[in-house]
Amino acid sequence: MSRVYNFSAGPAVLPEEVLKEAAAEMLDYRGTGMSVMEMSHRSKAFEEIITTAEQDIRDLMNIPDNYKVLFLQGGASQQFAMIPMNLMKNGTADYIITGQWAKKAAKEAEKYGKVHRIASSEDQTFSYIPDCSDLPVSEDADYVYICENNTIYGTKFKELPNTKGKTLVADVSSCFLSEPVDVTKYGLIYGGVQKNVGPAGVVIVIIREDLITEDVLPGTPTMLTYKTHADAKSLYNTPPAYGIYICGKVFQWIKAQGGLAAMKERNEKKAKLLYDFLDQSKLFKGTVVPKDRSLMNVPFVTGDADLDAKFVKEAKAAGLENLKGHRTVGGMRASIYNAMPYEGVEALVEFMKKFEEENQ
């Protein structure tokens, strides 16, 4: 069985070189006589893995010294609670709702304080990013929250919101390491790694040091306090060791490709190929306002649910996997993360052309 082109939104495709390297080290990691899955997180070998991984992501993103990098568990969804528990000093936060995940995050934050939804694109099924140049930011807001790239709806903030001096918190799960980023514009930036960085089970939090305090909401569990993990260098308890090891390999792979600027160029080229086809197709159409289109997640439809289902089925038979859209949107979605090769998008476009000819 040869490998398929996997367009899944996450867990998603990983670089083949990384998988081969991990396979080669599965039984004996660099002369330790054991797999990384089996080694103590307190061992010299693992300490080197996590230290190197942290340094590599710092290099890739130019993370300033006054930001901590935390490798945590619980996925992005656990951050929906951890963020307000740690950051809601005034008990107020502003949320910009551009999709399912920001919506869930806002709902969770309401358990801990007052949430203002200061902008939303729900009126048009989240198919665009609202104008965030002059928002009614709350005077006492502890932070302004965004989901920067919307996996389900295929939109992306091309410009960060004007938070009027308030701390910006961003969920970057599905655009993590896909392009250069200015970390200093955020107070906290986080992402589940299972889309662009590694296997499910790790969430990376990059947080400015002044936001890490003991002054958290009463009743916040020790495990959900950023300070706990920052002080212990992500080793307070057993971390998701194997997941961190794979993330580290992906960081090195990105470095070898030329870093985030090279990634952005590759990703733009892949996305252009697919969007250009969608824009001239008579059968398929993209669902997002062109200026807000994501480079990572590309939703599209035929306008006929039966035809959509037929497309997904035939695409699968042709080795193009996981193209079914999210249940809240229907249609199709191609996630074309860093590790998706250009050839994969070419194969998809060729298949779509053929399908269009046969089903006009």
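**Salt bridges, a threonine loop and two pockets**

The structure, a predicted model, holds 26 salt bridges.

Trainee: Let's start with K249. Which residue does K249 form a salt bridge with?

Mentor: Good place to begin. In this pair, the closest N and O atoms are 3.0 Å apart, inside the 4 Å limit for a salt bridge. K249 is buried, and its partner is buried as well. The partner of K249 is E25.

Trainee: How many residues apart in sequence are the parts that this pair ties together?

Mentor: Look at where each one sits. K249 belongs to helix α6 (residues 241–257), while E25 is in the loop between α1 (16–24) and α2 (44–61). The pair therefore ties together parts whose separation in sequence is 224 residues.

Trainee: Now K291 and D292, whose side chains meet in a salt bridge. Is K291 buried or exposed?

Mentor: The N to O distance in that bridge is 3.3 Å. D292 has 5% relative accessibility, so D292 counts as buried. K291 has 59%, and the cut-off for exposed is over 50%, so K291 counts as exposed.

Trainee: Which residues are joined into one network by salt bridges that share partners?

Mentor: Two of the members are the pair we began with, K249 and E25. Adding the others, the network is made up of K249, E25, R30 and E21.

Trainee: Let's turn to T163. Is T163 buried or exposed?

Mentor: T163 is found in the loop between β7 (155–156) and β8 (168–171). Its relative accessibility is 10%, and buried means under 20%. T163 therefore counts as buried.

Trainee: Which residues is T163 in contact with, leaving aside its neighbours within four places in sequence?

Mentor: For a sense of the surroundings, the C-alpha atoms of T163 and S138 are separated by 9.5 Å, and these two residues are 25 apart along the chain. A polar atom of the T163 side chain also lies 2.7 Å from the backbone oxygen of K166. With the sequence neighbours set aside, the contacts of T163 are V137, V144 and L168.

Trainee: On to the pockets. Which residues lie nearest the centre of the largest pocket?

Mentor: This pocket holds about 430 Å³ of space, and its lining has 13 nonpolar, 3 polar and 10 charged residues. Two residues nearest its centre, E148 and K156, also meet through their side chains in a salt bridge of 3.3 Å, N to O, and both are buried. Out of 26 lining residues, the ones nearest the centre are E148, K156, F157, E179 and P180.

Trainee: And which element gives the most to the lining of the second largest pocket?

Mentor: The second largest pocket has a volume of about 360 Å³, and 18 residues line it, with T51, E54, V69, K233 and S234 nearest its centre. The elements that give two or more residues to the lining are α2, β2 (67–72) and α5 (226–231). By class, the lining residues divide into 7 nonpolar, 4 polar and 7 charged. With 6 residues, the element that gives the most is α2.

Trainee: One last residue, S281. Which side chain does a polar contact of 2.6 Å join to that of S281?

Mentor: S281 is placed in the loop between α7 (259–280) and β11 (285–286). At 13% relative accessibility, S281 counts as buried. The side chain joined to it by the 2.6 Å polar contact is that of E356.

Definitions and conventions:
Residues numbered from 1 in each chain as written. Predicted model: local features only at pLDDT ≥ 70, side-chain atom pairs only at ≥ 80, totals over all residues. Heavy atoms only, no water. Helix = DSSP H or I, 4+ residues; strand = E, 2+ residues; numbered from the N terminus. Buried < 20%, exposed > 50% of the residue type's maximum accessible area, 1.4 Å probe, protein only. Contact = heavy atoms within 4.5 Å. Polar contact = N/O pair within 3.5 Å; in protein donor to acceptor, adjacent residues only side chain to side chain. 1 Å grid on protein atoms, 1.4 Å probe; cavity = no way out; pocket = protein on both sides within 12 Å on 5 of 7 lines; lining within 4 Å. Points joined across faces, edges and corners; volume = space filled by probe spheres on them. Nonpolar A, V, L, I, M, F, W, Y, C, P; charged D, E, K, R; others polar.
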